[in-house]
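User: Hello! I am new to this structure and would like to learn how to read it, one feature at a time. Could you show it to me and start with the basic terms?

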Amino acid sequence: MSPALIDLRDVTRTFMISSGAFRGKRPLQAVNGVSLQVRPGEVVALVGESGCGKTTLAKIMLGLLAPSSGEIIVAGQPVSAIGRLETARLLQPIFQDPYSSLNPRKSIGSIIRLPLKVQQAPEPQNWRRRVEETMELVGLAPRLYNHYPNQLSGGQRQRVAIARALINHPQVVICDEPTSALDVSVQSQILNLLRDLRSELGLTYVLISHNLAVVEHIATRVAVMYLGRIVEKTDTETLFKDPKHPYTRALLSSVLTPDPDLGIPDNQLGVVYPNPVDPPSGCTFHPRCAEAMDICSRVAPQRHERSATRLNVIFTRSDRTPLRPPMPCRHGPGRHRRSESPHRSVSRARLQKHRTDNCAPPDGRGPRAPASQNSGSGC
Ligand SMILES: Nc1ncnc2c1ncn2[C@@H]1O[C@H](COP(=O)(O)OP(=O)(O)OP(=O)(O)O)[C@@H](O)[C@H]1O
Ligand code: SF4
Ligand SMILES: [Mg+2]
């Protein structure tokens, strides 16, 4: 296996948050013990609810934020040893908002040229040609060289941001919700562009997105974050076919489908996202977890190797009583057993199949409870 381009080892980032007059500051763990490797050619997606720490993690990878603890290895060297300029040569960001990420006072040409200047690229007489070539590569007409950001559409501005990220031939591009500020038709153009550039230039992506359909189509691996931690990470196909963690299942079942008969999906998450300054005890997901047991509010699950026998002896679902506390819960991070829950639907086709297979609701809507719990009255 090729060595990781980015290797995060037990990275944490704590912000000290003011909790009101006379009450001092309290710690907010935006990223909590994250270990993640990004290998050449991969598209690693980070998904999770708003505020779970995706952007903070991206900024840590880019060297824009220092971690509170942990190690970040970029291209085999600690990020602190290679310096800001070298990090910027290897890793480039594309941010969510093409309106605020471009300097309105600079022309398109000088915005895209800036990284060449910062990195002191050779042959300044050729910079303009390089900029125009990159503009063509990302589908921008070179005639826009002297235009200003306010003269471009949202999609064109995002192409400028992509050109600026690519001009120095980085190895990894970190895309933080690159299409969420764009209208739907432009979104697909930008996503196709990113996909084509990846195969053309051999790029590696870290993709942050709330759009799970995009993640399913583009990513090769997915890490699911909840309250600063990665709760599940695996290759995309496995994650979408067989999500282990109840939170992943809830996320996947919240995907909207265009069929109005299917209604708005119920992701079963119930109560609101917890306050990260005062996270729940034990497993931080327990107040929202449909499969929580008594022990979940007291003992945080530990990472452990997947072993069917071991997983099965730790807790029994029938009485929900911990047999051997405080052994790790069988639902340790990334180690959840396949659930019988019918709420695992993801894609439209699978969702349709799921409803055909599992749903026999009294009113023709909504899923039926799993067979093991089904009392005949539906969900
Ligand atoms: N500079 C900061 N100072 C204090 N708290 C911060 C700072 N940056 C982020 N946070 C907090 O850290 C947590 C994670 O924020 P982050 O922006 O990484 O979330 P996110 O997953 O990117 O969310 P979204 O999907 O909405 O972009 C949030 O609770 C946020 O309030
Ligand atoms: S440890 Fe308990 S609360 Fe946490 S995800 Fe697993 S079952 Fe749910
Ligand atoms: Mg963010």
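Analyst: Welcome! Two strands count as paired if DSSP finds at least two bridges between them. The helices and strands themselves are DSSP runs, H or I over at least four residues for a helix and E over at least two for a strand, numbered from the N terminus. This is a predicted model, in which local features need pLDDT of at least 70 and side-chain atom pairs count only at pLDDT 80 or more, while totals for chains, interfaces and linings use all residues. Residues are numbered from 1 along each chain as its sequence is written, and chains are lettered from A and ligands numbered from 1 in the order in which they are written.

User: How many residues lie between the strands in the hairpin of S4 and S5, and which residue has a positive phi there?

Analyst: Two residues separate the strands of that hairpin, and Ala-75 has a positive phi near 50°. Strands S4 and S5 (residues 77-78) are antiparallel partners with two bridges; Val-74 has Gln-77 in S5 as its bridge partner. On the S1 side, S4 (residues 69-74) is joined to S1 by five bridges, again antiparallel, with Asp-7 opposite Ile-73 in S4.

User: Where else should I look for a positive phi?

Analyst: Try Asp-10, a residue other than glycine with phi near 50°. Asp-10 belongs to strand S1. Burial is read from a count: with 20 or more other C-beta atoms within 10 Å of its own a residue is buried, with 12 or fewer it is exposed, and in between it is partly exposed, the C-beta atoms being placed from the backbone. Asp-10 has 12 such atoms within 10 Å, so Asp-10 is exposed. Gln-120 also has a positive phi near 50° without being glycine. Gln-120 sits in the loop between helix H3 (108-118) and helix H4 (127-137), and because just 8 other C-beta atoms lie within 10 Å, Gln-120 is exposed.

User: Which residues surround ligand 1?

Analyst: A residue counts as near a molecule if its C-beta atom, placed from the backbone, lies within 6 Å of it. Around ligand 1 this gives Phe-15, Ile-17, Leu-28, Ala-30, Ser-50, Gly-51, Cys-52, Gly-53, Lys-54, Thr-55, Thr-56 and Pro-276. Strand S1 (6-18), strand S2 (25-38) and helix H1 (54-62) are the elements that give two or more residues each to this shell. H1 has the largest share, three residues. For residue classes, Ala, Val, Leu, Ile, Met, Phe, Trp, Tyr, Cys and Pro are nonpolar, Asp, Glu, Lys and Arg are charged, and the others, Gly among them, are polar. The shell then holds six nonpolar, five polar and one charged residues.

User: Is H1 mostly covered or mostly open?

Analyst: H1 is mostly covered, with eight of its nine residues buried. Lys-54, Thr-55 and Thr-56 are among them, as are Leu-57 and Ala-58. Just after H1 comes Gly-63, with a positive phi near 80°.

User: What does helix H5 show about span and burial?

Analyst: The expected span of a helix is 1.5 Å times one less than its number of residues. The 13 residues of H5 (residues 154-166) should therefore span 18 Å, and the end C-alpha atoms are 18 Å apart, in agreement. In H5, 10 of the 13 residues are buried, including Arg-157, Val-160 and Leu-166. Residues are in contact if their C-beta atoms, placed from the backbone, lie within 7 Å. The buried residues of H5 pack against strand S6 (91-94), H3, H4, strand S7 (172-176) and helix H6 (184-201). Gly-155, also in H5, is partly exposed, with 19 other C-beta atoms within 10 Å. Leaving out residues up to four places away in sequence, Gly-155 touches Leu-182, Val-186, Gln-189 and Ile-190.

User: What is the order of the strands in the open sheet of six?

Analyst: The order is S6-S7-S8-S3-S9-S10, with mixed pairing. S6 and strand S10 (229-235) are at the edges with a single partner strand each, so one side of each lacks a neighbour in the sheet. Within the sheet, S7 and strand S8 (residues 204-208) run parallel, joined by five bridges, and Ile-174 has Val-206 in S8 as its partner.

User: And the protein chain as a whole?

Analyst: The protein chain has 11 helices and 10 strands, and 37% of its 379 residues are buried. Of its contacts between residues at least 6 apart in sequence, 62% join residues at least 24 apart.

Notes: Two residues are in contact if their C-beta atoms, placed from the backbone, lie within 7 Å.
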